[in-house]
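Here is a colleague's note to be read beside the sequence and the model, written for someone who is meeting this structure for the first time. The points are numbered so that each can be checked in turn.

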Amino acid sequence: MGSGSLPTRPSPSAFSRPLPIPGHARPTRLRSLTTGKLRAFSIKASHSGLSEVSVQSLPDTEVTGAAYSFTGATTSLTNKILTSSKKITLVRHGLSSWNAESRVQGSSNLSVLTETGAKQAEKCRDALANMKFDVCFSSPISRAKSTAEIIWQGKEEPLVFLDSLKEAHLFFLEGMTNADAKKQYPELYTKWREDPAHFHVNGIYPIRELWGTARQAWEQILLTPGENLLVVTHKSILRALICTALGLPPERFRAIDVNNGGMCVFTVNRQGEAMLQALNMTAHMYSDHTYQY
């Protein structure tokens, strides 16, 4: 050993994982990145190197454990005991004419479902084909109403239209292209885009009012009999529904996004407490994916 050098030792990690013995297979359990299910990989090595890798399926295994109870862990949306726990699937309507034209929509009924939006609604319907819903709730505004009718086509269970699921009212900005609204009302438009909780017209704060509307919608939905409920509505009220369920204030309005045809899932216990299970699921928009939960 030369002057000033320190003795070296093998790294502990060198002993933590035994190497394959030539001519022998050592089973290893890894999880598939595509399915989330466990697979058994047998690695067989030879003196010249890796010679064989075989894959064997194991029995279906959940990727993670699930929370079995959350009573008292969150805030009740109803302040009333429900007849049963519930699962709520929230769906944003398909692409509308004003989505495609980059116009401010708000509560206007003039923006209608496009051909692309109708196909997106069909994809939602197909993705939920294995799910049995007791009731579907929808905004009565055209683009959401049409989406709900496509998803609910052929079902005998009730389709209920709720005014509390209508989109936020954005006054004279509705129907304007975003570019024109920004040009003609720069301060107001910037407030809407960058600080929506404080956006107001003549003392009316649409997003703050939307929080109250969302709480009303939750109560109407959750107090309806049934255990598996579907809700079809618009992005702003969806944001409000999600935020109120999670206890987030209007200042968090743009912290959440939901695409056209995107789905979110909540479970709600009998105390009316909500747990978010999925946010903005869109796999069905790009494939023949179906959901079972």
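**Notes on the model**

1. A good place to begin is Leu90, which, leaving aside residues up to four places away in sequence, touches Val231, Leu238, Leu241, Ile242, Gly262, Met263, Cys264 and Phe266. Leu90 is also, together with Ile88 and Leu241, one of the residues with the most contacts inside the largest nonpolar core, a set of 43 residues. The elements that give two or more residues to this core are strand 4, strand 5 (135-138), helix 6 (186-194), helix 7 (206-222), strand 7 (228-233), helix 8 (235-246) and strand 8 (263-268). Helix 7 gives the most, with eight residues. A second core, separate from this one, has 18 residues, including Cys124, Ala127, Phe133 and Tyr291.

2. Please keep in mind that this is a predicted model, and that confidence should be considered before any detail is read from it. The protein chain has an average pLDDT of 84, with 76% of the residues scoring at least 70. Over residues 1-61, however, the pLDDT is below 50, although this stretch has 70 contacts in the model beyond near neighbours in sequence.

3. As to the overall fold, the protein chain contains nine helices and nine strands, and 43% of its 293 residues count as buried. Of the contacts between residues at least 6 apart in sequence, 63% join residues at least 24 apart. The chain exposes about 16400 Å², of which carbon and sulfur atoms supply 52%. One example of distant parts of the sequence meeting is Ser76, in the loop between strand 3 (49-57) and strand 4, whose C-alpha atom is separated by 6.2 Å from that of Gln271, 195 residues apart along the chain. Beyond its neighbours up to four places away, Ser76 touches Gln271, Gly272 and Glu273.

4. Which residues does the UniProt annotation "active site" cover? The record, an unreviewed entry, lists His93 and Glu167 under that name. These residues span 75 residues in sequence, yet their C-alpha atoms are no more than 11.4 Å apart, so they gather at one spot. Both His93 and Glu167 are included in the lining of the second largest pocket.

5. Is His93 buried or exposed? His93 lies in the loop between strand 4 and helix 2, and it counts as buried because its relative accessibility is 1%, under the 20% cut-off. Apart from residues up to four places away in sequence, His93 touches Asn99, Gln105, Arg143, Ala144, Thr147, Thr233, His234, Asn260 and Gly261.

6. The same unreviewed UniProt entry should be read with care for its "binding site" annotation as well, which covers Arg92, His93, Gly94, Leu95, Ser96, Ser97, Trp98, Asn99 and Arg143. From this set, the lining of the second largest pocket takes in Arg92, His93, Trp98, Asn99 and Arg143.

7. Two members of that annotated set may be looked at individually. Leu95 is placed in the loop between strand 4 (86-92) and helix 2 (97-100), and at 21% relative accessibility it counts as partly exposed. Its contacts, not counting residues up to four places away, are with Ala100, Val112, Leu113, Thr114, Thr116, Gly117, Gln120 and Asn260. Asn99, for its part, sits in helix 2 and counts as partly exposed at 22% relative accessibility. Leaving aside neighbours within four places in sequence, Asn99 is in contact with Arg92, His93, Gly94, Gln105 and Asn260.

8. Why can helix 4 (residues 142-151) be described as largely enclosed by the rest of the structure? Seven of its ten residues are buried, so the description follows from that count. The buried residues of helix 4 are Ser142, Arg143, Ala144, Thr147, Ala148, Ile150 and Ile151, and they pack against strand 4, helix 3 (115-127), strand 5, strand 6 (159-161) and strand 7.

9. A last residue to inspect is Asn178, which is placed in helix 5 (residues 178-184). At 17% relative accessibility Asn178 counts as buried, and, leaving aside its neighbours within four places in sequence, Asn178 is in contact with Ser102, Arg103, Val104 and Tyr189.

Technical notes. Residues numbered from 1 in each chain as written. Predicted model: local features only at pLDDT ≥ 70, side-chain atom pairs only at ≥ 80, totals over all residues. Heavy atoms only, no water. UniProt positions renumbered as here; feature names shortened; annotations may be inferred. 1 Å grid on protein atoms, 1.4 Å probe; cavity = no way out; pocket = protein on both sides within 12 Å on 5 of 7 lines; lining within 4 Å. Helix = DSSP H or I, 4+ residues; strand = E, 2+ residues; numbered from the N terminus. Buried < 20%, exposed > 50% of the residue type's maximum accessible area, 1.4 Å probe, protein only. Contact = heavy atoms within 4.5 Å. pLDDT = per-residue confidence, 0-100. Areas by Shrake-Rupley, 256 points an atom, 1.4 Å probe, with all protein chains shown as cover. Core = buried A, V, L, I, M, F, W, Y, C linked by side-chain atoms within 4.5 Å.
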